[in-house]
Amino acid sequence: MPIPLFNSVASWFLKKRIHQIELFIKFPHEVQQEVLHNLLDQAAQTHYGLQHEFKSIHNYDIFTARIPLVRYEDIQTDIELSRKGVQNIFWPNAIKWFAKSSGTTNTKSKFIPVSPESLENCHYKAGKDMLSLYFNNNSESQLLTGKCLRLGGSSELYHNNTSYFGDLSAIIIDNMPFWAELSSTPSQKTSLMSEWQEKMKAILAESIDEKVTSLAGVPSWMLVLLQKALSQTNTQHIHELWPHAEVYFHGGVNFEPYRKQYQALFPKPDFKYYEIFNASEGFFAIQDQNDTSDLLLMLDYGIFYEFIPQEEWGNEDPKTLPLWEVKLDTIYELVITTNGGLWRYRIGDTIRFTSLHPYRIRVSGRTKQHINVFGEELMVENVEQALAKTATHFEVQIVDYTVGPIFMEGNKKGAHEWLIEFTTPPSDLSLFSAYLDRELQHLNSDYEAKRYKNMTLQAPKVHAAAKGLFYQWLESKKKLGGQHKVPRLSNSRVYLEELLTSY
């Protein structure tokens, strides 16, 4: 089939999915209740289903009363049994894939079960939906006439008894249908290379001469790859290399600190950016409009959602809300029940709703990535908005950063200490710090109250990090590439001290 015809047929096929998306937008509560009952029915005869009597759970209230909220540590023993080949523990169909995830602030690895259903009806379905929503908004797109430059995880797949584990991206690439493989670059073999530096060289060797129409990957690592591409080819911007590139699909970290750098790399005014929200545990939301940061919560992926309000986070048995009880502009911790066998699982990500008709969200951070040493309740979302505005004001670009507390000692008050790597530091770091402080106060009333007349918090202390510091730190921990990222906010000084030692 000629490429233009293939593009037309494929885009028409993808647009058909829009009708199903419109259905869950119109009937969101009914769809979510159907998802819950389907999950309970499917897993009724599993060990977990029999233990909690799934067959007699007929509504949400019984569901929450019968099944406890869990974190990874609560189900780790069962997951280890599953990895050794014991089946039917928490999902009826055999699970042989486990996505290895260390998160950002925890050095211990987690092994998230990936069932055939979650792979096909969640992760792959989301990949197609990402294209469907894009084509629905951009009817003249020629995306499928070229290839997608993908930058996945840096780990190979490893065999463990009867199961396999690796980065989620590696699992997805290894199981990818042939048509998806044909429309992507680099090859599967290169995508699964484990040594990051060699992998970057191999990706460029394979992809520079391809017709790249889209890109997909984590912003921090994609930026490294693109800068290497410019340096290698002695070009000024990416459109000189790939003139047909029209969209970058990104997720994993907040995009705002990187936006200016990407706009310099892709100077065409009509170049698009589409955000996604996914994790090893599932695929949750996709940007469904051009030029917005709001993400449509995807309700028919075999995931039932619950939400813990921020004021409940510290309680031993926190109250959860179903989708039909959430409110706008309230920070919630995300709880998921999935077709991968996770039941009322506290994933650790936090979101807020920007729309209830349809349900659209923004990712605000992680429960472990906020600073609340002094009652300031500073979330990652606040920090990155303030940092982006400050960087714009001073016309600087930020590579990476981390923030930790300066604890109170004797009569000394506390503060926040920042380590920021700039492409070029501001001429006056003290003015930069003062402006950043004012923006944080404007965005967060708790922070503002603690900063009032230096009552509890002193002004922030900001350091300009040496170039390459964060990259070298991640390299020393063997965490280059993929989903690995620098911890942004912490209630301890562990990461900050390690970096300051090198600084």
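This is a chat about the cysteines, one strand and one pocket of a predicted model.

Visitor: Hi! How many disulfides does the structure hold?

Guide: It holds 0 disulfides.

Visitor: Why is C122 not bonded to C148?

Guide: The closest cysteine sulfur to that of C122 is the one in C148, and at 18 Å it is too far away for a bond. The cut-off for a disulfide is 2.5 Å between the sulfur atoms. C148 is likewise in no disulfide, with the sulfur of C122 as its nearest cysteine sulfur.

Visitor: And are those two buried or exposed?

Guide: C122 is buried, at a relative accessible area of 2%. C148 counts as buried too, with 18% relative accessibility, where the limit is under 20%.

Visitor: Okay, new topic. Where does H463 sit?

Guide: H463 is in strand β21, which covers residues 461-464. H463 is buried, and its relative accessible area is 13%.

Visitor: Which side chain does the side chain of H463 make a polar contact with?

Guide: That of E417, at 2.6 Å.

Visitor: What stands opposite E417 in β21, then?

Guide: K461 does. The two strands, β20 and β21, pair in the parallel sense over 4 bridges.

Visitor: Which strand pairs with β20 in the antiparallel sense?

Guide: Strand β19, residues 398-406, over 8 bridges. There, G404 has E417 of β20 as its bridge partner.

Visitor: How many residues of β20 are buried?

Guide: 8 of the 8, across residues 415-422, so the strand is largely enclosed by the rest of the structure.

Visitor: Which way do its side chains point?

Guide: A415, E417, L419 and E421 point one way from β20, while H416, W418, I420 and F422 point the other way. In a regular strand, side chains alternate between the two faces of the sheet.

Visitor: Nice. Let's talk pockets: what volume does the second largest one have?

Guide: About 520 Å³. Its lining has 23 residues, and those nearest the centre are L223, V224, Q227, V399 and E421.

Visitor: Which elements give two or more residues to that lining?

Guide: Those are α11 (219-233), α13 (256-265), β19, β20 and α17 (469-476). α11 gives the most, with 7 residues.

Visitor: And how does the lining divide into nonpolar, polar and charged?

Guide: For the second largest pocket, the lining has 12 nonpolar, 7 polar and 4 charged residues. E421, one of the residues nearest the pocket centre, points the same way from β20 as E417.

How values were computed
Residues are numbered from 1 along each chain as its sequence is written. This is a predicted model: local features need pLDDT of at least 70, side-chain atom pairs count only at pLDDT 80 or more; totals for chains, interfaces and linings use all residues. Side-chain values use heavy atoms; hydrogens and water are left out. Buried means under 20% relative accessible area, exposed over 50%, partly exposed in between (1.4 Å probe, protein chains only). A polar contact is a pair of N or O atoms within 3.5 Å; within protein, one must be able to donate a hydrogen and the other to accept it, and residues adjacent in sequence count only if both atoms are side-chain atoms. Two strands pair if DSSP finds at least two bridges between them. On a 1 Å grid over the protein atoms alone, a cavity is a set of points where a 1.4 Å probe fits but cannot get out, and a pocket is an open set with protein on both sides within 12 Å along at least five of seven lines; lining residues have an atom within 4 Å of a point. Grid points are joined across faces, edges and corners, and a volume is the space filled by probe spheres set on the points. Ala, Val, Leu, Ile, Met, Phe, Trp, Tyr, Cys and Pro count as nonpolar, Asp, Glu, Lys and Arg as charged, and the others, Gly among them, as polar.
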